[in-house]
Structures are given as structure tokens and as C-alpha cells.
Amino acid sequence: MSLVSAVIDGALLGGYYAMIACGLSFMFGVMRIINLAHGSLAIVAAFALWTIADRMGYDPFLALIVVLPVMGALGWLLQRAVLERSLRAGELVPILSTFGLAIVVENLLFEYFGADTRSLAPYVGSLSYDSFNIGGGTYVGELAILTFVVAILLLGGLQLFLTYTPLGCYIRATAEDPDTVELVGVNSRFVNAVAAAIALATIALAGLFLGLRTSFDPYAGSMQLIFAFEAAVIGGSGTLWGTLAGGIVLGIAQTFGAQLHPQGFLLAGHGIFLLVLVGRLYLPGHYLRFLHK
Amino acid sequence: MSLLSVNALDVRHGLLQAVREVDLKVDQGETVALIGANGAGKTTLLRAIAGAHRASRGQIHLDGSDITNVPAHQRVAMGIALVPEGRRLFAAMTVEENLLIARASGRQGEWTVDRVMETFPMLKPRRKARCGTLSGGEQQATAIGRALMTNPRVLLLDEVSLGLSPLAVDLVYRSVETLIASGATILLVEQDLNRALKVANRVMCMLEGRIVIQGTAGTLTRERITEAYFGHHKRPVGKTQ
């Protein structure tokens, strides 16, 4: 594999990371909650899509019409039943409660679906291994490009929503000062529930692309959480375009790592994450902050 | 009937009782000033009326309906607006966005972004500026404008002159006087006794969570208020312990 193709593949992989990090970053930005069940919930979405595709024979993309709103509703419920209550007890409590939730979710999935590894790839024809030549003997996967385009649409759409709609405006205001928005007539509980619903809807989308590009089992969530977390932190928490940049940096680092050594994929990813983290501590100002406001 | 009435209100911050058995009435079109030293409970009282603090005892009524257990955002929808101490603007958002957020209250009325700009002309050139970049006076004008955008029946102003230059205070108070002239109902907290006596119909002085003296601006002398402010008065209105 040439250098060019490694960069392209890495950047496109970054699109997937941005997609899975988007909900995590959004939830942290708005509600100051680090959702450790994020990865497991993506697996829930993937299993839901797989069930519809396998048992009822629908295309996973079509199944998203059902799974997306269901995950959104789950987000609403999660906010009201778990996150809101635990946040009231202190900023660190949601970390504990979502960690617990992740364990519950993983084991429920295991109980129901067993240990078999599944994938959504068999239900979409040849999409997951089709590729086309972009010249010079370099091929890129169609699914990778689709993932990247969807990630940009998702992040761009969210950005437009936050900037130009009244509800988006309430979400930004609630993120900045949850007490004061109440005093200007905004129902902050409602706004937070909407934000949680949006975050989980993005997780449903990430679950689809996770299932298409690779395989998953009930315990695959923690690795996805780590990737999402790394992309969000590299990009600077709470900014959507930063998340995309973070995803791309992570993706390129991993692809290069894999070139050097078979074990290099994960190591290089963790390495760049730590490098950025330590770099932030020692570098002045806004270096390594990618589009941070 | 009074537009806003507070009966035997207690408010606690944990073990600290900040407001003790406060009775208060504000009539339609009236301007009432609350005076008192730091820590007397003025801000807590205002925030309790706005719904930001829960009452541990007593009731709050707006136009006859009990709002004691109504959440803050619904009180805004019913017509209570607070300009909080320290302004509390959304610093990363523009002046216009800060004003438009108040539309969440769903109250229809005469206040629009353009009308706020007319009332506070200093905001006109700053309409698209982020609030974090505004001067103190501009921020205060935006904060009052944001409260007005909810078309309130009662406006609660908490130390609008805090941290402003004398010139900016004059500007803000000129706007407040315009509001009063237009028939607004206002309950304001003010440290500057002269300003309070100038704009208010009635003045109340708080000490250690209680209202210790009150009367119309004409009948209360500066000396009596000053004594009450420092707790030197002999016959308190509230119960002694």
C-alpha cells in the first residue's frame, strides 16, 4: 500500500470515528456528561439493525428508519431515568452510572444474542467490499467514502441545527448556563432530553456503519468507546468540526501504524491520543486545539 | 388584589436560612425597591420569586394564583422575569441570540429585538457581537432587554448597577425610568439608596433575611433606612429572637 493510499484510507476511517465520537462529544458539550455506555449503545443499535435485516429481510439502511427514532426515544428515557438523576448527585456520578449501564447492556445483549460475531455487511450486497480506482493504481472503498460523506453531513447538519434553529439556540444556551436558561423561559429538562435523544440518534447511525464495515459481538462496545473518546479528545471536546479533525488524525495514525507493524494499528492510535493530551499540557495557547473556539 | 404577593416565605441554602418569614406585596404599576447589606437575603428573595430557589415555607402568588411550586421556566411564561445579579448572559452567543432565547417563554407582547434596540440605543451597533465582548453597561442593557423580551408582568431587577461605571449606571437607570413611566411593575434590589428612593414608590429594607422596615419613598427618611440597614433600629417590624 502506498503512502497516498494510507493517508486516504486513514482520513476516510476518520469519518467513521467522527461519526461515533459525535454523540459522545455532543453529550459532553451540552450536558457535561461523559457517557461510558456510548460504545455499548452503538452495539445495541447494530444488533437492532441486524435483527431487522436478518429476521425480516429488510435492508439495514431501510431499518434505520425504525432504529433511529427508537434510539432517540431511548436517549430521552436515558436522560430522564438515569443521567438527570445522577448528574444531580455530582459531576462524577454519571460516569459511574453509565459505566454500570454499559455492563448491564453488554450482558443483556450476550444473554439474548449469544457470543456469535455478526455483521451487517451480508445484507447490503457487495457494498462493503466494492471499491473504485481513483487513478495511479490507488483504490478506495465505496463504503469508506459513503461513511465519510455521511459523517460530514451529520456533523454539518448538527452544526446548522445548533446555529440557526431556536431549539439549537436553546441547546447552546443550556450548555453554557443551565440555571439561567430557566430564568428566560427555557425548559432546561426538555432541552437536555432533546439533546440526549439527538446524541443517541447519532449513535444509531454510527452503529449502522460499524456493522457495515466490520463485525461486532455483545462486548465490542468498549473498543468503540475508546475510539470515540480518543477522536473527541484529540479534536477538542465539545466542538463538532474538531471532532471530525480528531477522527481523521486518529484514523491516519492508525493506518500508518498498521503499515509499520501488524500490532501498530491500535498502538499508533493510542500513541497519538497520548501525544495530543500531553502536548496540550505543555504547549501554550491554542496549539493542537483544531478549530477550538 | 396585588399583582405579586409573598406570604411568610422562608428560603434556605442548606443549613443557612437566607430569607425568614418575608411578606411582600407589589401592586400593578408599582416600583418597589429592596435595600439591605450584602448577605441580607435580597438576591435570594428575588431568585425565589423567579423560581431559581425553592421556598422551604410560605407561598408566592402571582395575580391570585399560587406559583410556589411552579418551575422557573413556567413562571417566566406566566409573566415573571428576573434580571439576575451579574447579568448572566450567554457569553458565547450574540446580543441578538441572547434576546431571541427569551422567545422560549411563549409570551406575546410589544417587546421585539427592534424595540429593545430603540430602548437601549447603545446596543444597536453591537447586535451581532458576542456578549463576552460587550462593556459592562452594554451587557446590563442586554440582560434587561432579554428579560423584557419575555413581555413580563413583573420585572425583577437584581443590582443592575453592580460593577458599572457611574456613566453606565446613569444610562441604565434612564432606561429603567422609561420603563417605569410606561407603567411596568418592578421589584428592584439596589445598593445605592439615593437611586432607590428616586425611582421607587415604596422601599423595603432587609436585614438578616427579614424585612425590618418598609414604607413609601416619601415617608421614610434616609436616616431611618440607614439605621435599619445596619441593624441599629430599636423596634424591628419582624419578630426578634
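**Reading the calls in a two-chain model**

Trainee: The crossing of α2(A) and α8(A) is right-handed. What makes it right-handed?

Mentor: Keep in mind that this is a predicted model. The near helix has to be turned clockwise from the far one by less than a right angle to earn that word, and the α2(A) and α8(A) pair gets it. The angle between helix α2 (residues 38–56) and helix α8 (residues 188–213) of chain A is about 65 degrees, and their axes are 7 Å apart.

Trainee: Which residues of α2(A) and α8(A) meet there?

Mentor: On the α2(A) side, the list includes H38(A), L41(A), A45(A), L49(A) and W50(A). Their counterparts in α8(A) include L200(A), I203(A), A204(A), G207(A) and L210(A).

Trainee: How does the contact of α2(A) with α8(A) divide by class?

Mentor: There are 13 nonpolar, 3 polar and no charged residues. Gly counts as polar, so don't be thrown by G207(A) and G211(A) being on the list.

Trainee: Stepping back, what makes chain A as compact as a globular protein of its length?

Mentor: Set the value against the rule: the radius of gyration is 19 Å, and the globule rule gives 19 Å for 293 residues, so the description fits. That chain has 11 helices and 4 strands, and its C-alpha atoms fill a box of roughly 60 × 55 × 35 Å along the principal axes. Buried residues are 51% of chain A.

Trainee: And how do you know that chain B is as compact as a globular protein of its length?

Mentor: Same kind of check: for 241 residues the rule gives 18 Å, and the radius of gyration of chain B is 17 Å, which is close, so the label holds. Chain B has 8 helices and 10 strands, and 46% of its residues are buried. Of its contacts with a separation of 6 or more, 68% are between residues 24 or more positions apart.

Trainee: Why are β2 and β5 of chain B said to stand at the edges?

Mentor: Start with the order β2-β1-β4-β5 in chain B, an open sheet with antiparallel pairing. β2 (16–26) and β5 (65–66) each have a single partner strand, so each has one side without a neighbour in the sheet.

Trainee: How do you know that β1(B) and β2(B) pair?

Mentor: Pairing takes at least two bridges, and strand β1 (residues 4–13) has 7 with β2(B). In that ladder, V6(B) stands opposite L24(B). Helix α1 (residues 42–50) of chain B packs on this sheet, where it touches β1, β2 and β4 (57–62). Its direction makes about 65 degrees with that of β2(B).

Trainee: What makes strand β3 of chain B mostly covered?

Mentor: A residue is buried if 20 or more other C-beta atoms lie within 10 Å of its own, and 6 of the 6 residues in β3 (residues 31–36) are buried. T31(B), A33(B) and I35(B) point one way, V32(B), L34(B) and G36(B) the other.

Trainee: Which strand pairs with β3(B) over 4 bridges, and which over 5?

Mentor: Strand β8 (residues 185–189) pairs with β3(B) in the parallel sense over 4 bridges, with T31(B) opposite I186(B). Strand β9 (residues 202–207) also pairs with β3(B) in the parallel sense, over 5 bridges; there, A33(B) has V203(B) as its bridge partner.

Trainee: Why is D63(B) called partly exposed?

Mentor: D63(B) has 15 other C-beta atoms within 10 Å. Exposed needs 12 or fewer and buried needs 20 or more, so 15 lands D63(B) in between. D63(B) lies in the loop between β4 and β5 of chain B and has a positive phi, near 50 degrees.

Trainee: What about E208(B), with its 18 C-beta neighbours?

Mentor: That count is under the 20 needed for buried, so E208(B) is partly exposed. Its loop runs between β9 and β10 (210–216) of chain B, and phi is near 50 degrees in this residue, which is not a glycine.

Trainee: Finally, how many residues of chain A and chain B are in contact?

Mentor: 16 residues of chain A are in contact with 22 of chain B. On the chain A side, α6(A) gives the most, with 6 residues. That side divides into 7 nonpolar, 3 polar and 6 charged.

Methods: Residues numbered from 1 in each chain as written. Chains lettered and ligands numbered in written order. Predicted model: local features only at pLDDT ≥ 70, side-chain atom pairs only at ≥ 80, totals over all residues. Helix = DSSP H or I, 4+ residues; strand = E, 2+ residues; numbered from the N terminus. Rg over C-alpha atoms; globule rule 2.2 N^0.38 Å. Contact = placed C-beta atoms within 7 Å. Axes fitted to C-alpha atoms, helices over the stretch in contact; angles between N-to-C directions.
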